[in-house]
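Here is a walk through some side-chain contacts, one topic at a time. Keep the viewer open and follow along.

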Amino acid sequence: MTLDHGLDPQVREGLEGLLLAMADDEFVIGYWDSEWTGIAPLLEEDVAMSSIAQDEIGHARAFYSLLGELNGRDPDAIAYDRPPDAFRHCRLVDHPRTDWAFTIARRYLYETADAVRLAALADSTFVPLAGLVAKIRREETYHLAHAEGWLRRLAEARPEGRTRLVAALRVLAPDAATVFTPLAGEPDLVAAGILERPSAALADEWRLGLQPLFDELRLPIPGPAADPSTGRTAHGDGFRWLWGEFTAVRNLDPVATW
Amino acid sequence: MTDPLALDPILPPRERTHLPHNDARLSHDERYRAFEAHVHAGGKIEAGDWMPDEYRESVLRFVEMHANSELMGVLPEREWILRAPTLRRKLALTAKVQDEVGHAQLLYRVAEDLGKPREAMFADLLAGRTKFHNVFHYPTHSWGDVGVIAWLVDAAAIVAQQALRDSSYGPYARTMRKICWEESVHIMHGRDVVVTLVNGTAEQFDLVQEALDRWWGPLMQMHGPRTPRDKDRDIYWRIKAKTGEELRQEFLGIYVDRIRELGLVIPDPDLRYDEAESTWRYAEPDWQELRTVVTNHGPRSQARLDFRRANLEETAWVRRAILGAPATAAA
Amino acid sequence: MPTRRKPHLEPYEVFRQEKDGDPMRHGGSVMAPDPELALHYARELYGRRQESTRLWIVRRADIGVLDDPDWLQPPLDRSFKKPGGYVMREKLDQARARSGQAKRVAGAGRSKGPEGG
């Protein structure tokens, strides 16, 4: 069922793009994080990381559902029934899980960026989104605390933890800001009060926010995204492999009930 | 649902001096007899109590194999976490595998409090000195396996686990109660997957039937060969309450009808309920296969142990980093 | 001078409260290298299903244990401290017989008081 919500068609198109981007971000990072289930460095940590991954998939599900109300499609169909190039997740989450340092570095960069993005949607004039964001932000406090704790632990673990962490941050640096890749139709969303501020401003705020902790731990702060125009459209081999995995069973019969 | 785990704190390491077996002034034999009497009267043993060596070793071996099985049992299922065909199934399967890891944690904790460090248990598992249950040595081929494992393998495990909720070893009994409460969701998830498939296309139905054809043998072997109750030392010490055959009968009593009502065929033409003897009759399980498999010669035994070994090596640096100490050989 | 503890995994006991107003009950333990991770792990092992409203996480080494039977189960009579130490049935029967009154029964205007008292 499509809900009208009284939206202007252009605004609506921009909103659908925003929801898809956020849903895909959570979906893809949730998948990578869920790979640690059963193989994390410590049994207790295994359970913790798995909860975080499940939360992310849960957030993706909520965003796909909201998008589905706008475009009349089933959330599972939106998530699973498209080719890899139709995904709109940012390059930051496109990278595979790699090792624990990489996962933690990427989680921290993503969580802090997502926090800024969510804050800019907290008072969205699109009420269903504001409501969903309020719930998600409450769950995210746990994720942020966990990611920050591990960032510190690794940064202070000399030499090996720190070396791996710094190496991971260097690999991720060109892609960290892709969370803030400007969306098509963004000016319409800002004008309609759906998104509080443009992505470029949010990126600056995010980078400033990283400073205190990164200065304290003497970690390099990522700069602007390399190749921003493809920030949400260039997908690597790792993601294509993942796509093969998460569509494997469904593609046996996409119209069947699983 | 109320968590049945609601006992007062029992904290190691001090001994509970008012129990005779804990009285250091008595001879070993007197303490042994007092211990026996306590256990046979339904008394509980805690981590800090005096125990005969045989009891301590038996409990540790039992708990350790259980913990190992949870840890290894994660591997066949986690392959499908990425492949789950809907968002809800993905969440459910991830949560289920997470629970298995959580159960491994709970059980390794019980064993650790008996004095064996986690790293030593991992080392013994990887070296083949300790075992894990047969069902986790087999491959998974399809989403049908995911349903059959979550429903029937878990059901067979739960039948065993419920019989352990009153184990004489207190920490283990309490852990089993928590585990049984958590497992109840898994069987429901598994059954839901299976029922959805049998109600679907012909190909989906075949996925389940084919999986059932492969898993029935290992399922029937899972509780072990028939052994006389009076020779079972784990029953003698009340570590467990039921024999393997009793558990198998219980499993069949509940699940044969539930499988057949879905239109699935159980691949044992001899399987029937003998009204006169009030017992299920079945084709003799392949005990040779069981022996081969649990000694780590099953189809996936070595591959999974290798995977675990590699994973522990890859993540050793993390443990070193947060513990500030050199990693031991297996961690 | 206290020596700085080298980080190592150690047990933290977890107590949980199922719903508001319930007592804290022992749930189990987690291994963690520090109190912060112990908190996360306690939440995961004893609270990820929304089954608790509060958790207490305590380093096992910090818990004081008293189980000396001389302190907790001392041998001399203390029945004056317990309700079971006041059995009055015979005395009450005697008193009622003397006053000619049968045992009072709860009815209009009467309520059943505390058991025994």
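A residue counts as buried when its relative accessible area is under 20%, as exposed when that area is over 50%, and as partly exposed in between. Keep in mind that this is a predicted model.

## A buried threonine in chain B

Let's try that cut-off on B:Thr94, a residue of helix α3 (residues 87-112) of chain B. Is B:Thr94 buried or exposed? Its relative accessibility is 2%, so B:Thr94 counts as buried. As for what its side chain does there, a polar atom of the B:Thr94 side chain lies 2.7 Å from the backbone oxygen of B:Lys90.

## Aromatic pairs

Now for the rings. Over all chains, the structure holds 28 aromatic pairs. One of them is A:Phe27 with A:Tyr31, a tilted pair with 4.6 Å from centre to centre and 40° between the planes. Both residues belong to helix α1 (residues 9-34) of chain A, and because they are 4 residues apart there, about one helical turn separates them. A:Phe27 is buried at a relative accessible area of 0%, and A:Tyr31 is buried with a value of 0% as well.

Over in chain B, B:Trp216 and B:Phe251 make another tilted pair, at 6.4 Å centre to centre and with 35° between the planes. B:Trp216 sits in helix α7 (residues 202-221) and B:Phe251 in helix α9 (residues 244-260), both of chain B, so this pair ties together parts that are 35 residues apart in sequence. B:Trp216 and B:Phe251 are both buried.

Back in chain A, the Phe27–Tyr31 pair has company. Which residues do ring pairs link into a cluster with A:Phe27 and A:Tyr31? They are A:Tyr64, A:Tyr80, A:Phe87, A:Phe239 and A:Phe246.

## Arginines over rings

Rings also turn up next to charges in chain B. The charged end of B:Arg83 sits over the ring of B:Trp80, 4.6 Å from the ring centre. Likewise, B:Arg258 lies over the face of B:Tyr255, and there the distance to the ring centre is 5.4 Å.

## Salt bridges within and between chains

How many salt bridges does a search of the whole structure find? The count is 62 over all chains. Among them is the one between the side chains of A:Asp99 and A:Arg164, with 2.9 Å from N to O. This pair links distant parts of the chain, 65 residues apart: A:Asp99 is in the loop between α4 (91-94) and α5 (100-119) of chain A, while A:Arg164 is in helix α7 (residues 160-176) of chain A. A:Asp99 has a relative accessible area of 23%, so it is partly exposed. A:Arg164, at 30% relative accessibility, also counts as partly exposed.

Another bridge has A:Glu160 and B:Arg320 meeting through their side chains, at 3.1 Å from N to O. That pair crosses between chains, running from helix α7 of chain A, where A:Glu160 lies, to helix α11 (residues 301-323) of chain B, which holds B:Arg320. Both ends are partly exposed: A:Glu160 has a relative accessible area of 30%, and B:Arg320 is at 31%.

## A network with a buried bridge

Within chain B, B:Glu112 forms a salt bridge with B:Arg118, and their closest N and O atoms are 2.9 Å apart. Here the partners are buried: the relative accessible area is 13% for B:Glu112 and 4% for B:Arg118. The two are part of one network, in which salt bridges that share partners also join A:Glu44, B:Arg109, B:Asp113, C:Glu13 and C:Arg60.

## Chain C and its nonpolar patch

Chain C has 3 helices and 3 strands. Along the sequence these follow the pattern β-β-α-β-α-α. Chain C has 117 residues, and 26% of them count as buried.

On the surface, C:Phe80, C:Tyr86, C:Met88 and C:Leu92 make a nonpolar patch of about 400 Å². Where does C:Tyr86 sit? It is in the loop between α2 (69-72) and α3 (89-99) of chain C. With a relative accessible area of 49%, C:Tyr86 is partly exposed. Why can C:Tyr86 be part of a patch at that value? Patch residues need over 30% relative accessible area, and C:Tyr86 has 49%.

Notes. Residues are numbered from 1 along each chain as its sequence is written. Chains are lettered from A and ligands numbered from 1 in the order in which they are written. This is a predicted model: local features need pLDDT of at least 70, side-chain atom pairs count only at pLDDT 80 or more; totals for chains, interfaces and linings use all residues. Side-chain values use heavy atoms; hydrogens and water are left out. Patches are made of residues with over 30% relative accessible area and no salt bridge: like charges are joined within 9 Å, nonpolar side chains (Val, Leu, Ile, Met, Phe, Trp, Tyr) within 5 Å. Accessible areas come from the Shrake-Rupley method with a 1.4 Å probe; for residues, only the protein chains shown count as cover. A salt bridge is a side-chain nitrogen of Lys or Arg within 4 Å of a carboxyl oxygen of Asp or Glu. Helices (H or I, at least four residues) and strands (E, at least two) are DSSP runs, numbered from the N terminus. Buried means under 20% relative accessible area, exposed over 50%, partly exposed in between (1.4 Å probe, protein chains only). Rings of Phe, Tyr and Trp (its six-membered ring) pair if their centres lie within 6.5 Å; planes under 30 degrees apart count as stacked, over 60 as edge-to-face and the rest as tilted. A charge sits over a ring if NZ of Lys or CZ of Arg is within 6 Å of the ring centre and within 35 degrees of the ring normal. A polar contact is a pair of N or O atoms within 3.5 Å; within protein, one must be able to donate a hydrogen and the other to accept it, and residues adjacent in sequence count only if both atoms are side-chain atoms.
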